[in-house]
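Me: Please take a close look at a single helix of this predicted model. I should like a connected account of its charged side chains, its buried residues and its end.

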Amino acid sequence: LVNLVNKYGVVPKNAFPESSSSEAALQMNKLLRAKVIQCDIQTNIQFDLVSAFAQEIFETIDEGNWNERDLFEREKQMMKEVRIESNYLKNHINFF
């Protein structure tokens, strides 16, 4: 940056105002940044939920008190909860 300033100099903003396309780019960058943050929040929450479910399954198997049918039913219930949570997040974490 210093080399660019040394080579080309600087111009006061009032002498060379922002163009409409550069202003639009700033707005677009803000919107995209907010969307990335939103997706990151959703992903982290979903990852935590799935990790907790996986831990529950591993602990159940380690304890040895499980049967295949019950484990499969619990897995279906967990996946349903993940879908519900995912839909909730899509509808309630919104920056726009």
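Reply: Glu73 is partly exposed, with a relative accessibility of 38%. Its salt-bridge partner is Lys76, and the closest N and O atoms of the pair are 3.5 Å apart. Lys76 likewise counts as partly exposed, at 42% relative accessibility. The two residues lie three positions apart in helix H3, so about one helical turn separates them. Salt bridges with shared partners also join Glu56, Arg74 and Glu81 into one network.

Within that network, the side chains of Arg74 and Glu56 meet at 2.7 Å, N to O. This pair links distant parts of the chain, since Arg74 belongs to helix H3 and Glu56 to helix H2, 18 residues apart. Arg74 is partly exposed at 21% relative accessibility; because buried means under 20%, Arg74 does not count as buried. Glu56 is partly exposed as well, with a relative accessible area of 30%.

A further salt bridge connects Arg69 and Asp70, at 4.0 Å from N to O. Here Arg69 is exposed, with a relative accessible area of 65%, whereas Asp70 is partly exposed at 43%. The count comes to four salt bridges.

Helix H3 itself comprises 25 residues, 68-92, and spans 36 Å from its first C-alpha to its last, close to the expected 36 Å. Its buried residues are Leu71, Met78, Val82, Ser86 and Leu89, and helix H2 (20-63) is included in what covers them. At the N-terminal end of H3, Asn67 acts as a cap, with a side-chain oxygen 3.2 Å from the backbone nitrogen of Arg69.

How values were computed
Residues are numbered from 1 along each chain as its sequence is written. This is a predicted model: local features need pLDDT of at least 70, side-chain atom pairs count only at pLDDT 80 or more; totals for chains, interfaces and linings use all residues. Side-chain values use heavy atoms; hydrogens and water are left out. Helices (H or I, at least four residues) and strands (E, at least two) are DSSP runs, numbered from the N terminus. The expected span of a helix is 1.5 Å times one less than its number of residues. Buried means under 20% relative accessible area, exposed over 50%, partly exposed in between (1.4 Å probe, protein chains only). Contact means heavy atoms within 4.5 Å. A polar contact is a pair of N or O atoms within 3.5 Å; within protein, one must be able to donate a hydrogen and the other to accept it, and residues adjacent in sequence count only if both atoms are side-chain atoms.
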